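Subject: Structure for your review

Dear colleague,

Please find the structure below, together with its sequence. My notes on it follow directly after.

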Amino acid sequence: MLTVDGEWDMPDFGEFYSKYSDVYYFLSASHSFTDETVDLEKKKAIKKTFVHTPFKGGFSYVHFYGMLPAVVPRSERLRMDKIKYESPGYVNVNGDAETFLETKSIIKSFLENRIVLRKLYSDFYDFLSKRRYLAMAAEDFLPADVSFAYIDGTATSLAEKMSLPNIDISKSLTEGNPLAFAKIVLSLYRRLDDASKFFAQGRMNFG
């Protein structure tokens, strides 16, 4: 359950829930891929979503996160059964307990480290932008690229600082492509930044 406080309207809640669910579904996809109880076809769908997304331009990321709910197990999909907007209010959301805990943990860690994370994100984003890696489709990035090791190491460091679980799994889902992984980490940072603002303002909290 999530608790809400202050004044809310539907666009506000829609913005929060969109970013929160993006984080949730990314984490769900990552650990579902190695879950022995998840069938092979579902794992293939998860892998395909990571591998076949070009991560070039804003629509790529919207498409990527939009596809995740369909490829995770049905039992892990989010379902809202009760909403009370009055201050104080609450939102009851059903899903996978383990993923809820991971989402809670990563958001709390982000709030505790957001100043450091903002600098790491900004420096890395500027590096990729100035060298035109952001405009490059992930599939065009080659192991012989001079920045291969730097991008891989920096993306991993940022993911670790964000307390992202299952980093090795996320990397394997991109077939070891550090630019794809880097772009995913940066996109996840943006969603965490947007979602965490509601917690920082005291308008949302974990019940």
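The notes below deal with helix packing and then with pockets.

Please bear in mind throughout that this is a predicted model.

Helix packing

Two packed helices are described by the angle between their axes and the distance between the axes. Three such pairs are described here, beginning with the two that involve helix 1.

Helix 1, residues 10-32, packs against helix 4, residues 97-130, at an angle of about 120°, and their axes are 9 Å apart. The two helices are therefore oblique to each other, and their crossing is right-handed. On the helix 1 side, the contact involves Tyr 20, Val 23, Tyr 24, Leu 27, Ser 28 and His 31. These meet Thr 99, Phe 100, Glu 102, Thr 103, Ile 106 and Ile 107 in helix 4. Sorted by class, this contact comprises seven nonpolar, four polar and one charged residues.

Helix 1 also packs against helix 7, which spans residues 178-200. Here the angle is about 135°, with the axes 9 Å apart. Helix 1 and helix 7 are therefore oblique to each other, while their crossing is left-handed. Helix 1 contributes Asp 12, Glu 15, Phe 16, Lys 19, Tyr 20, Asp 22, Val 23 and Phe 26 to this contact. From helix 7 come Ile 184, Leu 188, Arg 191, Leu 192, Asp 194, Ala 195, Phe 198 and Phe 199. By class, the contact of helix 1 with helix 7 has ten nonpolar, no polar and six charged residues. Tyr 20 and Val 23 of helix 1 take part in the contact with helix 4 and also in that with helix 7.

Helix 7 has a further partner in helix 3, residues 58-71, with an angle of about 80° and axes 11 Å apart. That angle makes helix 3 roughly perpendicular to helix 7. Tyr 61, Val 62, Phe 64 and Tyr 65 of helix 3 make the contact with Lys 183, Ile 184, Ser 187, Leu 188, Arg 190 and Arg 191 of helix 7. These residues divide into six nonpolar, one polar and three charged. Ile 184, Leu 188 and Arg 191 of helix 7 belong to the contact with helix 3 and also to that with helix 1.

Pockets

The largest pocket holds about 210 Å³ of space. Its lining consists of Phe 50, Val 51, His 52, Thr 53, Pro 54, Ala 138, Glu 139, Thr 174, Glu 175, Asn 177 and Ala 180. By class, these are five nonpolar, four polar and two charged residues.

The second largest pocket has a volume of about 180 Å³. Met 1, Leu 2, Tyr 20, Val 91, Val 93, Phe 100, Leu 101, Lys 104, Phe 206 and Gly 207 line this pocket. Which element gives the most to that lining? Helix 4 does, with three residues; strand 3, residues 89-94, likewise supplies at least two. The lining has eight nonpolar, one polar and one charged residues. Tyr 20 and Phe 100, which line this second largest pocket, also take part in the contact between helix 1 and helix 4.

With kind regards

Note on methods. Residues numbered from 1 in each chain as written. Predicted model: local features only at pLDDT ≥ 70, side-chain atom pairs only at ≥ 80, totals over all residues. Heavy atoms only, no water. Axes fitted to C-alpha atoms, helices over the stretch in contact; angles between N-to-C directions. Helix = DSSP H or I, 4+ residues; strand = E, 2+ residues; numbered from the N terminus. Parallel < 35°, antiparallel > 145°, perpendicular 65-115°, else oblique. Left-handed = near helix turned anticlockwise from the far one by under 90°. Contact = heavy atoms within 4.5 Å. Nonpolar A, V, L, I, M, F, W, Y, C, P; charged D, E, K, R; others polar. 1 Å grid on protein atoms, 1.4 Å probe; cavity = no way out; pocket = protein on both sides within 12 Å on 5 of 7 lines; lining within 4 Å. Points joined across faces, edges and corners; volume = space filled by probe spheres on them.
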